[in-house]
Amino acid sequence: MSLRRLTACVLILFLIATVATGLSILAANRVTVARLVDQRIEAIAELVLESDAGQAMVPTPEIQARIATLSGARDTGDVGLLLLDPAGRTLGGNITLRRPLPLGRSDLRERDGITGLSHGRALVREAGAGRRLVVVAETEPFDSYRATRTRIYLIGFGSIILIVFGGVIAFSLLVSRRIGDQRRTVEAIIAGNIRHRVPVTGSDDEFDRQAAAFNRMLDRIGALMEGLRGVSNDIAHDLRTPLARLRGQVARIAQEAHDPVQAERASAALAQCDTLLAMFAALLRIAEIEAGHRQAGFAPVDLAALVEETATMMIPVAEEAGQRLGVTATARPTAFVGDRQLLIQALVNLIGNAIKYGAPGGAIRVALDRAADGDVTLSVADDGPGIPPEQRAQALRRFGRLDSSRGQAGHGLGLPLVAAIARLHRGRLVLGDAKPGLRVSLIMPCR
């Protein structure tokens, strides 16, 4: 579950719990008040209808006198009393009713027309001889108390909800920011900036300790990679120097050779030296690109113009190999930022591979497209034999030459070099099917 969804679920559950608690308290309050009022009016009704010893029932004048006495009492001033005859006519009391009330307890509202009463309870009891006694009392200490009480609940519980909402949102933003710092660090490292680290605020909280541990891990990984890179670079440099001297000596032998057979052998040895030197140059180039040092030279690049210029430059090479080279630049992303020389090298490598492995007399298609999400795709397709899907991962590994290409010149570093350039530009290299042939796509985000 995502952090945003988890936060939303917590807020929704808290809102439901808070509203349910508020409604429960409000309902319990109303029930308690109604029960207390019922007990009060029941006691008053008993007092009014209490018969003297030997009386079967209280006479009407006596009930009227008791009602008059209770109506004037201070502690019962908010109680309404009404005595009705069997026909429903008023025999005495201090209230009037707009509608007949049923026997027993019932609720009263402002629409019942009792002066000064907005909400209350009523008790209707038989008083003998068909008479009925109505006792009414308010359930609100003052007018509009229920609305005021509801407003108090809304303000109280609403403030709690707002405080919790604010706290959860602030916590979510804090977590998102700290996680965003880690994500940006990971993305920078993927792009080749191994020196990027997660910011530490100095608060020594869990996030700071996590960031510090993460940074120590990156320091260790960086030290190991730097050591490996240093060893590889030293080996490449140390071997390239004697190879360069060896090439010079072989070249001198080839120039001074008088025997044609010896000259041919020297030329073959010279070609092998050139292949080895190119291999070491490619390894050093990949190491330089993956170290991320080239990002310092990033600048705005017009990819459409770059593709057209590079493809036009490679047309004579393709024609010399008996192939046709066409270019289609449908996108013109002006906001792309990258290393122009590396992008040219990547495209030259891809076109060179297409010329090398494409079908004789075939066509090579170079295209530049921009997707709706802003990514740009630079693709080179040929109509050669292509690469089976199960062997494409091997083709992207260093020295990962396929069995079908073992007999051709090369060292298996062309596609890994282009893949390193793609990663430097936060992109990826994808091998696909051109039907027939191979389609190599360099997909990069347009910054």
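Here a visitor and a guide talk through a predicted model of a protein chain.

Visitor: Let's start simply: how many helices and strands does the protein chain have?
Guide: Welcome! One of the helices is α1, which covers residues 3-49, and one of the strands is β1, at residues 79-84. Counted over the protein chain, the secondary structure comes to 9 helices and 12 strands.

Visitor: What share of the residues counts as buried?
Guide: A residue is called buried when its relative accessible area is under 20%. The protein chain has 447 residues, and the share that meets this cut-off is 37%.

Visitor: And what part of the exposed area do carbon and sulfur atoms supply?
Guide: The area that the protein chain exposes is about 24,900 Å². Of that area, the part supplied by carbon and sulfur atoms is 59%.

Visitor: Which residues make the nonpolar surface patch of about 320 Å²?
Guide: Look at helix α1, residues 3-49, where you will find I12. I12 is one of the patch residues, and the full set is I12, L13 and I16.

Visitor: Let's go inside. Which helix gives the most to the largest nonpolar core?
Guide: The largest nonpolar core has 41 residues, and L303, F336, I351, V366, V380 and L442 have the most contacts inside it. Elements that supply at least two residues each include α6 (303-320), α9 (414-424), β11 (428-433) and β12 (438-445). The one that gives the most, with 9 residues, is α7.

Visitor: Leaving aside neighbours within four places in sequence, which residues is I351 in contact with?
Guide: I351 is among the residues with the most contacts inside the largest core. Two others from that group, V366 and V380, also touch I351. With the close neighbours left aside, its full list of contacts is A311, M314, L325, V366 and V380.

Visitor: How many residues does the second, separate core have?
Guide: This core includes V58, V79, L81 and A127. V79 also takes part in strand pairing, where it stands opposite A137 in β5. The size of this second core is 18 residues.

Visitor: Do β7 and β9 pair in the parallel or the antiparallel sense?
Guide: Strand β7 covers residues 324-329, strand β9 covers residues 363-370, and 6 bridges link them. In this pair, T328 stands opposite A367 in β9. The sense of the pairing is parallel.

Visitor: What is the bridge partner of R370 in β10?
Guide: β9 also pairs with β10, residues 375-381, this time in the antiparallel sense over 6 bridges. V376 stands opposite M444 in β12, within a pairing of β10 and β12 over 7 bridges. Back on the β9 side, the partner of R370 is V376.

Visitor: How many of the residues of β12 are buried?
Guide: β12 pairs in the antiparallel sense with β10 and also with β11. In the pairing with β11, V430 has S441 as its bridge partner. β12 is mostly covered, and of its 8 residues the number buried is 6.

Visitor: Which peptide bond is cis, with omega near 0°?
Guide: Follow the hairpin of β11 and β12, which has 4 residues between its strands. K435 in the turn has a positive phi of about 50°, and P436 lies in the loop between β11 and β12. The cis bond runs from K435 to P436.

Visitor: Which residue in the turn of the β4 and β5 hairpin has a positive phi?
Guide: β4 (119-128) and β5 (131-138) pair in the antiparallel sense over 8 bridges, with L123 opposite V135 in β5. Their hairpin has 2 residues between the strands. The residue with a positive phi, about 55°, is A129.

Visitor: Why does A129 count as exposed?
Guide: The cut-off for exposed is over 50% relative accessible area. A129 counts as exposed because its relative accessibility is 56%.

Visitor: And R426, what is its relative accessible area?
Guide: R426 has a positive phi of about 60° although it is not a glycine, and it is found in the loop between α9 and β11. R426 is partly exposed, with a relative accessible area of 38%.

Notes. Residues are numbered from 1 along each chain as its sequence is written. This is a predicted model: local features need pLDDT of at least 70, side-chain atom pairs count only at pLDDT 80 or more; totals for chains, interfaces and linings use all residues. Side-chain values use heavy atoms; hydrogens and water are left out. Two strands pair if DSSP finds at least two bridges between them. Patches are made of residues with over 30% relative accessible area and no salt bridge: like charges are joined within 9 Å, nonpolar side chains (Val, Leu, Ile, Met, Phe, Trp, Tyr) within 5 Å. Accessible areas come from the Shrake-Rupley method with a 1.4 Å probe; for residues, only the protein chains shown count as cover. A salt bridge is a side-chain nitrogen of Lys or Arg within 4 Å of a carboxyl oxygen of Asp or Glu. A nonpolar core is a set of buried Ala, Val, Leu, Ile, Met, Phe, Trp, Tyr and Cys residues joined through side-chain atoms within 4.5 Å. Buried means under 20% relative accessible area, exposed over 50%, partly exposed in between (1.4 Å probe, protein chains only). Contact means heavy atoms within 4.5 Å.
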